[in-house]
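The following note sets out comments on the model, arranged as numbered points. It is intended to be read alongside the sequence and the coordinates.

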Amino acid sequence: PRTTMKTICTPFVLIIGCIPLVQSQFCEPVGSSWQSLAQAIERSFGFAILCPFEIRGDDCPPQPLPVHNADLYMLCEPSFDGSDPFTGCLIDCPGTHFKIGAFESLTLDGFTLQGSTASAIDVQPFGSFVAYHTNFVNNVNDAGNGGAIDAGAQSSVRVMFSNFQNNAALNGGAIYHQGPAIIRGSTFFDNEATNGGGGAVFSGAMTTTNLVRNVFGGNRAAYFGPAIFDGSGAVTTSGDNSGCSNIISSGLECNGITSLANGNNRCNGFPVDCIAPTGSPSATTTSPSQSPSDRPSLRPTNHPTATPTSAPSAEPSTHPSRLPSGIPSRSPTEVPSRSPTNLPTVTPTAFPTERPSSTPTASPGPSPAPSLEASDTPTQAPSVSPSSQPSRTPTQSISPTRFPTLEPTTLLPTIKASSNPTTDPSRNPSQQPTVIPSIVPSREPTLKTLFPTISPSEASNQSQRKTKKDKKRLRKRV
């Protein structure tokens, strides 16, 4: 685990001022070895939080990393050192990076995959792949489809808030899929289909595709669909998708969805145009501008600013902020945070969580009501109210109870008498006689005697002596 500390200043600096912010990052160190990445995944049990790493050059694997988990989630913990938060976990290797088998699932969050020569992600039929906040850059597949993602029949693909740039393949320069796909809040720039269609996305036959608020700019195709090719007629859109400067080799431009009708290209352009980049992106600046622009941008930026703006934007940003705000929002976010908080909340939640916490809370005292089921280990102190069911093992009382029990506790009488009998008789006589008589007789006789006493009582001795005296008197008279 790593711990970093930063200081943030709230807008109410006159009242609150600067607050030191401690961010604990419980992440698994990977280093630069592909083998250590595989070992970290094996230790994760399906959910891996990885520290930022770079794997490239001689550290690249000879074969892709197979995914054998039914649901594997790999999260790259962002760093707060001022670097690009979306390049924290970098894999720059040839070949295929990850191969997802049938009925297996892989989710990448915060990764950068580049340099692949045979599709960065290979999804086998009936496999599943999900990408959050992930960059796909300079990936190619000269002998196949899908430069970044190649998904087979009956597979599923979900891409959320990710970037695709300079990827190339025969069909589907960035994504080639033959199963249902959802693409939301992502950007596609300068991707190319070198020998077919779908410069950015190729949607195969018998599939469904849903596009939500994506940007397609400067993508190219050899014959049809420079931005998106619809091979099934089932591509749907929602939100403001936009496109610009997407062309085929003949020079025709289509900034939207292309489908084939009677052997001819039919273009259904997006209603919103974008501004394509003039060339390769400029070097990242080390610090934001000192003053804001005169007019805000029409679309949100890909990377959030380090400090919040004075006024909120009209629409939410593509990527959520990495640091929490000084004041909580009035309404919850659509998706939960990627990692839980390290400290408990001040007030408990209204509903319990689906899974228990890793460490129990230290309660100051017993609960007000007993639990419905018995615990494995008894408590040191008794509960306020008795439980509805008796415990499995009786407790060893230190002192006798104040009142006798209404029914005997044992079904059979004791085999041995007590070592120390009571010196005083009991207030209420017992229903059955004891095996050994008491030293002092009881005040009231027993209600019913099932068994005779072993030793004669004192009253019986007196009766026998009286009978002997009467016989002597009778002899003398005779």
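1. Pairing of strand β12. In this predicted model, strand β9 (residues 105-109) runs parallel to β12, and the two are joined over five bridges. Within this pairing, Leu108 has Ala131 of β12 as its bridge partner. β12 also pairs with strand β16 (residues 156-160), again in the parallel sense and over five bridges. In that pairing, Tyr132 is matched with Met160 of β16.

2. Burial of strand β12. How many of the five residues of strand β12 are buried? Four of them are, so the strand (residues 128-132) is largely enclosed by the rest of the structure.

3. Overall composition. The chain holds two helices and 33 strands. It has 478 residues, of which 32% count as buried. The accessible surface of the chain is about 33,100 Å², and carbon and sulfur atoms contribute 57% of that area. Among contacts with a sequence separation of 6 or more, 66% are between residues 24 or more positions apart.

4. Aromatic pairs: Phe53 and Phe111. The model contains eleven aromatic pairs. One of them is formed by Phe53 and Phe111, whose rings meet edge-to-face, with 6.1 Å centre to centre and 70° between the planes. The pair links distant parts of the chain, since Phe53 belongs to strand β4 (residues 53-56) and Phe111 to strand β10 (residues 111-114), 58 residues apart. Phe53 has a relative accessibility of 4% and therefore counts as buried. Phe111 also counts as buried, because its relative accessibility is 0%.

5. Aromatic pairs: Phe136 and Phe164. This pair is stacked, with 4.7 Å between the ring centres and 5° between the planes. It too links distant parts of the chain: Phe136 is in strand β13 (residues 135-137) and Phe164 in strand β17 (residues 163-165), 28 residues apart. Phe136 and Phe164 are both buried. Which residues form one aromatic cluster with Phe136 and Phe164? The cluster also includes Phe188, Phe216 and Phe270.

6. Disulfide Cys27-Cys51. A search of the whole structure finds five disulfides. Among them is the link of Cys27 to Cys51, with an S to S distance of 2.0 Å. This link is right-handed, with 90° about the S-S bond. Cys27 lies in the loop between β2 (18-25) and α1 (34-44), while Cys51 lies in the loop between β3 (47-50) and β4, so the disulfide ties together parts that are 24 residues apart in sequence. Cys27 is buried, with a relative accessible area of 6%. Cys51 is likewise buried, with a relative accessible area of 7%.

7. Disulfide Cys60-Cys93. The sulfur atoms of Cys60 and Cys93 are 2.1 Å apart and form a disulfide. With -80° about the S-S bond, the link of Cys60 and Cys93 is left-handed. Cys60 is located in the loop between β4 and β5 (65-67), and Cys93 in the loop between β7 (89-92) and β8 (98-100), so parts that are 33 residues apart in sequence are tied together by the pair. Are these cysteines buried or exposed? Cys60 counts as buried because its relative accessibility is 15%, under the 20% limit. Cys93, at 1% relative accessibility, counts as buried by that criterion as well.

8. Disulfide Cys254-Cys267. Cys254 is joined to Cys267 by a disulfide with an S to S distance of 2.0 Å. The torsion about the S-S bond is about 90°, so this disulfide is right-handed. The pair links distant parts of the chain: Cys254 is in the loop between β30 (247-248) and β31 (256-261), Cys267 is in strand β32 (residues 264-269), and the two are 13 residues apart. Cys254 counts as buried, at 6% relative accessibility. Why does Cys267 count as partly exposed? Its relative accessibility is 41%, and partly exposed covers the range between the 20% limit for buried and the 50% limit for exposed.

Key:
Residues are numbered from 1 along each chain as its sequence is written. This is a predicted model: local features need pLDDT of at least 70, side-chain atom pairs count only at pLDDT 80 or more; totals for chains, interfaces and linings use all residues. Side-chain values use heavy atoms; hydrogens and water are left out. Helices (H or I, at least four residues) and strands (E, at least two) are DSSP runs, numbered from the N terminus. Buried means under 20% relative accessible area, exposed over 50%, partly exposed in between (1.4 Å probe, protein chains only). Contact means heavy atoms within 4.5 Å. Accessible areas come from the Shrake-Rupley method with a 1.4 Å probe; for residues, only the protein chains shown count as cover. Rings of Phe, Tyr and Trp (its six-membered ring) pair if their centres lie within 6.5 Å; planes under 30 degrees apart count as stacked, over 60 as edge-to-face and the rest as tilted. Two strands pair if DSSP finds at least two bridges between them. A disulfide is a pair of cysteine sulfur atoms within 2.5 Å.
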